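Me: I'm new to this structure and would like a close look at one part of it. Could you take me through how two of its helices cross, and then show me what sits around them?

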Amino acid sequence: MRQKERSRRIALSYLKDKYKTILAYVFIVAVFFMVAFLYGYEQIYIDMLYAVLLALFFGGVFVAVDFLRYFRRCMALYQSLERREERQKSLPETSGLQEFLYQEMLEDMRQENCRLQTEYDRKKKDMADYYTMWTHQIKTPIAALRLLLQEEETGESARHGGRQAEREELFKIEQYAEMALYFARLDSLSSDLLFRHCDVQEIVKQAVRKYSVLFLRSGLSFQMEAFEIRAVTDEKWLSFVVEQVFSNALKYTHQGGIAIYGADETGSRKEGRTSYLVIEDTGIGIRESDLPRIFERGFTGYNGRMDRKSTGIGLYLCAQIMGRMSHTIRVQSAPGEGTKVILGFLQQTEGR
């Protein structure tokens, strides 16, 4: 069907390009025929009829040969269009100055495009390297500041929680720096992944311990049911996803609490093994109109505009990371009813 469509388009294109020449040829032949007819030369009229038929025959042969040549060149161009990597080499030879100039223009455009692409890749790599360097460098003063805070917390101050507010803000700075690092590494994620059998519950526990500094003053309840999920995954990148979900839950939950448990496809509680992990909060929820776009880069939605601190990067990173690790992430939510973030994993066992 594709071949027939191409042949039809080539035939129509040829008629469109050559119809003036064909009509001019037919008109000239007709003029000679009409001259003989108007002068009433009967014998010449008969002789001219033979000449006209011969002219039409040879004209038809010429058109057929010319069309075949035109058809082959067009098919060669179609094949060249499909060979993206070797397009310039597969172009048919030029048959005139005009085609030669067109191909020279294409070659100049190709070289310019390659130059711009190379320059873009270089700038992109430089920017990623800078983000990586900046993130690693900023961790040094963060660690020093944390050490200073710990040294100042002595005696009665330490027993009453010390400078908890400063520790929380320092933790947030560190998380924002870490997000910048993961964002910079996203394009090279495939080469950075290290898959192995992991206990998802242990990864979640580590994330909970890490975020305990924010849980302490939040006043929220926390419940984590025992579940068993083993998955072939990258522990570092999955930890980042879980931490981002915790961060959002804490940011948009002002009363109630956060619960973590295993679930089936419907998101309901389930005993025993499951390939789904649910992180549920009782926060402000998400508008229905915002749900289809929450994984888009830079999309903040109604809640983000109200909060005025949302970057729209966290969930975008989560979706990209989970997708590249062949996991799934989806969200169930409604305004005032909280949010469920459901992470899906293929069930795995050590022996497989």
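Reply: The crossing of helices H7 and H9 is right-handed. Keep in mind that this is a predicted model. H7 covers residues 200–210 and H9 covers residues 235–251, and the two pack with their axes 9 Å apart, at an angle of about 50°. An angle between 35 and 65 degrees counts as oblique, so oblique is the word for how H7 and H9 sit to each other.

Let's stay with H7 for a moment. Glu202 and Lys205 are both in this helix, and three residues, about one turn of the helix, separate them. Their side chains meet in a salt bridge, at 3.8 Å from N to O. That fits the cut-off, because a salt bridge needs the nitrogen and the carboxyl oxygen within 4 Å. How buried or exposed are the two partners? Glu202 has a relative accessible area of 33%, so it is partly exposed. Lys205 is partly exposed too, with 30%.

Now over to H9, where Lys236 has a partner of its own. The side chain of Lys236 meets that of Asp192 in a salt bridge, 2.8 Å from N to O. Asp192 belongs to helix H6 (residues 189–192) while Lys236 is in H9, so this pair ties together parts that are 44 residues apart in sequence. Both ends are partly exposed: Asp192 has a relative accessible area of 29%, and Lys236 has 34%.

There is another spot to look at around here. Glu228 sits in the loop between strand E2 (221–224) and strand E3 (230–233). In sequence, 27 residues separate Glu228 from Gln201, yet their C-alpha atoms are 6.7 Å apart in space. Glu228 has 41% relative accessibility, so it counts as partly exposed.

How do those pairs fit into the wider picture? In general, side chains of opposite charge can pair when their charged atoms come close. The count for this model comes to nine salt bridges. One of them joins Asp66 to Arg69, with the closest N and O atoms 3.1 Å apart. Both of these residues lie in helix H2, three residues apart, or about one turn of the helix. Here the two ends have different surroundings: Asp66 is buried, at 11% relative accessible area, whereas Arg69 counts as partly exposed, at 41%. The dividing value is 20%, because buried means under that figure. Elsewhere, salt bridges link Glu112, Arg115 and Glu119 in a network.

H2 also has a part in something without charges. Tyr25, Val26, Tyr50, Leu53 and Leu56 make a nonpolar surface patch of about 480 Å². Helix H1 (2–39) and helix H2 (42–82) each supply at least two of the patch residues. Which helix gives the most? That is H2, with three residues. Val26, one of the patch members, lies in H1, and its relative accessible area of 41% makes it partly exposed.

So, back to where you started: if you want to find the crossing on screen, look for H7 and H9, with their axes 9 Å apart. From there, follow Lys236 in H9 across to Asp192 in H6, then look along H7 for Glu202 and Lys205.

Technical notes. Residues are numbered from 1 along each chain as its sequence is written. This is a predicted model: local features need pLDDT of at least 70, side-chain atom pairs count only at pLDDT 80 or more; totals for chains, interfaces and linings use all residues. Side-chain values use heavy atoms; hydrogens and water are left out. Helices (H or I, at least four residues) and strands (E, at least two) are DSSP runs, numbered from the N terminus. Buried means under 20% relative accessible area, exposed over 50%, partly exposed in between (1.4 Å probe, protein chains only). Patches are made of residues with over 30% relative accessible area and no salt bridge: like charges are joined within 9 Å, nonpolar side chains (Val, Leu, Ile, Met, Phe, Trp, Tyr) within 5 Å. Accessible areas come from the Shrake-Rupley method with a 1.4 Å probe; for residues, only the protein chains shown count as cover. Axes are lines fitted to C-alpha atoms, for helices over the stretch in contact, and angles run from 0 to 180 degrees between N-to-C directions. Angles under 35 degrees count as roughly parallel, over 145 as roughly antiparallel, 65 to 115 as roughly perpendicular and the rest as oblique. A crossing is left-handed if the near helix is turned anticlockwise from the far one by less than a right angle, and right-handed if clockwise.
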